[in-house]
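Dear colleague,

I am handing over the structure below, and after it I set out what was found. Please keep the sequence and the 3D view open while you read.

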Amino acid sequence: MNYSNYLYIAIRAAVDAGKVIMDIYNDPNSDFGIERKADNSPLTKADKAAHALISTALSVTPYPILSEEGKEIPFEERSAWNTLWIVDPLDGTKEFIKRNGEFTVNIALAEKGVPVLGVIYVPVRRELYFAASSVGAYKLAGIDGTNQPSMEEMWRKATRLPMSLAHQGVVVVASRSHQTEETLAFIDDLRKQGKPVTLISSGSSLKICLVAEGSADIYPRFAPTMEWDTAAGHAIARAVGCDVYHLDQKTPLRYNKADLHNPWFIVK
């Protein structure tokens, strides 16, 4: 099915959520209202506000929503969902609290376990990545909640991905907050193949975007993630001919599983 008509709804939801997040981020009197979830990960006022806005925006579509900040929905109920939204209202909450700007809004649409539409918005940089399997993947700069361009205007101004970004050897993107021994061993193995390896760090779902746009060649992730961390980036990667694989580097990740944790993966 052609889901590109839902792309504008998802883009508007992501950009408007970004504005709500930035209002809190830039408020000198804001304490972020930091709470701790059951797994001890942080939750802020911005996460909650973005979740509420996105849920309302996507409710005009016929598809249910699986969100990091939504209530837990039993697999018995979710298993009947053929098509669903997978949302992380604020990916990189730790980066948000550190005020380093590397946090994103992630919205994906998945059909039969495969992400077919993805939107990632970077509020601090005012950068937008968006893709649908039927139209390809794009990057758009200079968009925020104060301007509301039409979809036609966005098509005109956006850059088709991947971009031709020449670089030497193999560029590996790794997590800023979650370096593991396994990641370092993987990078060491690449070096042993005789290619010069350059390592770049980034936060949140931007790592998948860097591979999709051509800034990096590979992103190994040997640390825990959830489906909403990767679904939008996975859709963008698929739209440029990359994929998010299990460690066998052949089997793509699936979504709306009984267990919402991702296995370790490699984006290439």
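Before coming to the hairpins, a word on terms: two strands are said to pair if DSSP finds at least two bridges between them, and strands themselves are DSSP runs of at least two residues, numbered from the N terminus. Please also bear in mind throughout that this is a predicted model.

With that in mind, β6 and β7 form a hairpin with four residues between them, and R126 in the turn has a positive phi of about 55 degrees. The two strands, of which β6 covers residues 114–122, run antiparallel and are joined by six bridges; I120, for its part, has Y129 in β7 as its bridge partner. On the other side of the comparison, β7 and β8 also form a hairpin, with three residues between them, and here too six bridges join the strands, which run antiparallel, with β8 spanning residues 136–141. In this pairing E127 stands opposite A141 in β8.

Strand β7 itself, residues 127–132, is mostly covered, since six of its six residues are buried. In a regular strand the side chains alternate between the two faces of the sheet. In β7, E127, Y129 and A131 point one way while L128, F130 and A132 point the other way, and all are buried.

What order do the strands of the open sheet have? The seven strands follow the order β3-β4-β5-β6-β7-β8-β9, with mixed pairing. At the edges stand β3 (65–67) and β9 (159–161), each with a single partner strand, so one side of each is left without a neighbour in the sheet. Neighbouring strands of this sheet are turned by 20 degrees against each other on average, direction ignored. Elsewhere in the sheet, seven bridges join β4 (residues 83–91) to β5 (residues 104–111), which run antiparallel, and T104 in β5 is the bridge partner of D91.

Two helices deserve a look alongside the sheet. Helix α1 (residues 7–25) lies across β4, β5, β6 and β7, running at about 35 degrees to β6. Helix α7 (residues 206–213) packs on the sheet, where it touches β5, β6, β7, β8 and β9, and its direction makes about 70 degrees with that of β7.

As for the protein chain as a whole, there are eight helices and 14 strands in it. Its radius of gyration is 18 Å, close to the 18 Å that the globule rule gives for 268 residues, so the chain is as compact as a globular protein of that length. Buried residues make up 54% of the 268 residues.

With best wishes

Conventions. Residues are numbered from 1 along each chain as its sequence is written. This is a predicted model: local features need pLDDT of at least 70, side-chain atom pairs count only at pLDDT 80 or more; totals for chains, interfaces and linings use all residues. Side-chain values use heavy atoms; hydrogens and water are left out. Buried means under 20% relative accessible area, exposed over 50%, partly exposed in between (1.4 Å probe, protein chains only). Axes are lines fitted to C-alpha atoms, for helices over the stretch in contact, and angles run from 0 to 180 degrees between N-to-C directions. Contact means heavy atoms within 4.5 Å. The radius of gyration is taken over C-alpha atoms; the globule rule is 2.2 Å times the number of residues to the power 0.38.
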